[in-house]
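Here's a quick briefing to read alongside the coordinates. Have a look at the structure first, then come back for the notes.

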Protein chains: 2
Amino acid sequence: MAPQDRPSTALQLRSLVTSEGELQVSLTQVPVPTPAADEVLVRVEAAPINPSDLGLLFATADMSKAVQTGTKDDPRLTARVPEAALRSMAGRFGVSMPVGNEGAGVVVEAGSSPAAQTLLGKSVALLGGAMYSQYRCVPVEQCLVLPPGATPADGASCFVNPLTALGMVETLRREGHSALVHTAAASNLGQMLNRICAQDKISLVNIVRSPAQVALLRGMGATHVCDSSTPGFLHDLTEALTATGATLAFDAIGGGKLASQILTCMEAALLKKSTQYSRYGTATHKQVYVYGGLGVGPLELTRAYGMAWGVGGWLVMPFLQKIGPAATEKLKARIAAELKTTFASHYAGEVSLRRALDLESIAVYGKAATGHKYLINPARD
Amino acid sequence: MAPQDRPSTALQLRSLVTSEGELQVSLTQVPVPTPAADEVLVRVEAAPINPSDLGLLFATADMSKAVQTGTKDDPRLTARVPEAALRSMAGRFGVSMPVGNEGAGVVVEAGSSPAAQTLLGKSVALLGGAMYSQYRCVPVEQCLVLPPGATPADGASCFVNPLTALGMVETLRREGHSALVHTAAASNLGQMLNRICAQDKISLVNIVRSPAQVALLRGMGATHVCDSSTPGFLHDLTEALTATGATLAFDAIGGGKLASQILTCMEAALLKKSTQYSRYGTATHKQVYVYGGLGVGPLELTRAYGMAWGVGGWLVMPFLQKIGPAATEKLKARIAAELKTTFASHYAGEVSLRRALDLESIAVYGKAATGHKYLINPARD
């Protein structure tokens, strides 16, 4: 970037929660740093709004009741954080937090090292927070160079969804299961998982919530799709579990009865093949990992599936730490190689940083509705 | 046993569930077998009524509505199994099942092998089902010889509770936790666990349901006792978890909110020591194992404890299979050595096989109330 084009400060989206439970979302001017020898400065052009980003950004506040304050140049939003959710947020009280787990953009300035200089002008994907910023200065090793012809929008969701989907399949292999169940299966992540499982010849049972989502997944070749909005759901799910032998599920909902229903149907499928009665149920371990919280209300376990079961939280980053850097690099290499096929993401639209604070925009992108993922483009006005 | 004393048949308690959901409990005459070379015939004199036995015996039927049928010599009970519970029982429909996981008695006949002959006249403890029988013929290796002076009543609960309590402590060590939480902690098992943890210098947080149970455990020297019937329960529990650092719990209840409350308080205790906010909660894994089902209704997880948590079923037998025979033998040797101290059980009374089918007796022993465990003595009339 020519010195005369170089702004000294640039915009960054921030979220703050007070100890009284007020959420404040704002745009702040932050300094644009000069890259150190092994760093590059990236002009961010695309950062997805994932459910996990919404969690940090809006802190579970009901944004339909948010109030627009501040001025046109200094837009601000305030809203109430529910009392129950507030308890677990003490660690962020009063801290103005940047948002945006991942994104992509163009390297506009590079440090003196050869590794940094090589990236100048290239499109790169980034992981590491604060991506809802006009500029991000990061170490070279945090960049994934996009293949020729790939735009920042193509690479914006390079990490969270692809690594999560690959992490699920890796978990299946490491914990000795043979087939997989996935809920909210018509999501971007769910579609990706269908492509991975098809390639890796792993049977996948997709659970969706509408006939339109059934059609979408069938259209892309999915074999097992169960619609939880139909009266025959439990029967269909048991049939699919009998056919596939799946004993591992990844659940994005995390509330209500679905996780328990999956375990119940897994046990029913196992009982069909079992020859001996035990009042403790079958000896085969059945596992549901909750990796998201799309559902509201508590998760209800009826425990009608014996004693060999588990439910637990699952997050991709701790999982990658567990499998170590070498195994993680393998997954990343696969993502780069299949960026525009297996790991392609689709977006319903993009908003600028300013529009991201607009109540009308929030009503659309804040819903996190399946098939309606949005990008933030900080380079747009 | 002198041939003239040897009955050809003897009584055995049976439980049967029909596909229509009728529970039938009866006393049956079964042949008294002659021991093979490596077997012994044991006259059972004491078999505890554990919650797990009640589960098989009464199949979750409401026994306060049971009907006494049959005759004095052929007593029978019938009751209704709830529809929801019936689904998981298809494997036992129409099968007349013997009951009683463990027991103890005197060896009255022995096979020809020296190992069997050595046991003649000895008091032994047994594991292996069908203990609510007047006689049990078992392989020598299933017997645990009771120490001199120990009666069958002393050794009746040699396996299930002691191995379960030791299995909990072993799980803590193998999964890298440093302190333990236990619910229904005033039970026989809970008291045993207090003695083991005191000996092994492991901090134990006891959760009980009444001031009387607090007094009981404090009386035996317990440091951390939290009463879930008091308004300060969650505060007290968080304090105890902060003091001990416990991140593993064994829960006998399995229904309601308690498991979730334990996880919430564990996370609150961890957050006190944490310096960095993450909206995914602390990185420390928090685990609750459900090993019993004393509670009714679904288990409710509010998930207000980040993503590093797990809840799952836990059973002692699969656990012992996992750790293998050598590790299991070590646990058994400790039980035999500390039978009348660490692993002593207390009973509220004993009933004969006939009295076990008596509705008045069932009203007492069927409650599975803390501190009111009963023995069946099949040798009594």
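The notes below cover the conventions, the overall build of chain A, the chain pairing and one acidic residue.

This is a predicted model, so local features need pLDDT of at least 70 and side-chain atom pairs pLDDT 80 or more, while totals for chains, interfaces and linings use all residues. Residues count from 1 along each chain as written, chains are lettered from A and ligands numbered from 1 in written order, and side-chain values use heavy atoms, without hydrogens and water.

**Chain A overall**
- Chain A has 11 helices and 19 strands (DSSP runs: H or I of at least four residues, E of at least two, numbered from the N terminus).
- Along the principal axes, its C-alpha atoms fill a box of roughly 80 × 50 × 35 Å.
- Of the 381 residues in chain A, 56% are buried (under 20% relative accessible area, 1.4 Å probe, protein chains only).

**Two copies**
- Chain B superposes on chain A by a 180° rotation with 0.0 Å of shift along the axis, RMSD 0.0 Å (least squares on C-alpha atoms with pLDDT of at least 70 in both).
- That is how a two-fold axis relates copies.

**Asp251(A)**
- Asp251(A) sits in strand 14, residues 248-251.
- Asp251(A) is buried without a salt bridge, and the nearest oppositely charged side chain, Arg303(B), is 7.0 Å away (a salt bridge needs a Lys or Arg side-chain nitrogen within 4 Å of an Asp or Glu carboxyl oxygen; His and the chain ends are not counted as charged).
- The Asp251(A) side chain also reaches the backbone nitrogen of Ile253(A) at 2.9 Å.

Key
Buried < 20%, exposed > 50% of the residue type's maximum accessible area, 1.4 Å probe, protein only. Polar contact = N/O pair within 3.5 Å; in protein donor to acceptor, adjacent residues only side chain to side chain.
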